[in-house]
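Welcome, and please open your viewer. We will take this tour one selection at a time.

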Amino acid sequence: MSAIFNFQSLLTVILLLICTCAYIRSLVPSLLDRNKTGLLGIFWNCARIGERKSPYVVVCCIVMAFNILFIQ
């Protein structure tokens with residue numbers, strides 16, 4: 001089943017996208033900073049969410065990992 005049709009998989013993909021974009025921006029900030037608008041601006045927005053809401057993102061990552069490892 002595709003991640004689009006399964007809500008839990010969609011949340012996992014979005015969470016991984018946020019974490020990946022924040023990590024890439026910490027390594028190479030100029031890569032995401034030059035694309036603040038348009039289609040590639042989604043990655044910049046995900047990086048900003050990952051940086052500014054990092055305690056909430058960490059809690060979501062832990063809950064998702066627990067859910068995937070022990071409940072599924």
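Here is a short walk through this predicted model, with something to select at each stop.

**Stop one: a helix with a label.** Select residues 54-71. An unreviewed UniProt entry lists them as a "transmembrane region". Colour by secondary structure: the span is 100% helix and 0% strand. Its end C-alpha atoms lie 25 Å apart.

**Stop two: the cysteines.** Now show Cys-60 and Cys-61 as sticks. A disulfide is a covalent bond between the sulfur atoms of two cysteines. How many disulfides does the count give? The count is zero, and two residues help you see the reason. The closest cysteine sulfur to that of Cys-60 is in Cys-61, and at 7.2 Å it is too far for a bond. For Cys-61, the closest cysteine sulfur sits in Cys-19; that distance is 3.4 Å, which is also too far for a bond, because the cut-off is 2.5 Å. Turn on the surface as well: Cys-60 is partly exposed at 41% relative accessibility, and Cys-61 is partly exposed at 26%.

**Stop three: the core.** Hide the surface and select Leu-15, Ile-18, Cys-21, Leu-32, Trp-44, Cys-46, Ala-47, Val-57 and Met-64. These nine residues form the largest nonpolar core. Which elements give two or more residues to this core? They are α1 (7-27), α3 (41-52) and α4 (54-71).

**Stop four: one residue up close.** Finish by centring on Ala-47, a member of that core. Setting aside neighbours within four places in sequence, Ala-47 is in contact with Cys-21, Ala-22, Arg-25 and Leu-32. Among these partners, Cys-21 and Leu-32 also belong to the core.

Definitions and conventions:
Residues numbered from 1 in each chain as written. Predicted model: local features only at pLDDT ≥ 70, side-chain atom pairs only at ≥ 80, totals over all residues. Heavy atoms only, no water. UniProt positions renumbered as here; feature names shortened; annotations may be inferred. Helix = DSSP H or I, 4+ residues; strand = E, 2+ residues; numbered from the N terminus. Buried < 20%, exposed > 50% of the residue type's maximum accessible area, 1.4 Å probe, protein only. Core = buried A, V, L, I, M, F, W, Y, C linked by side-chain atoms within 4.5 Å. Contact = heavy atoms within 4.5 Å.
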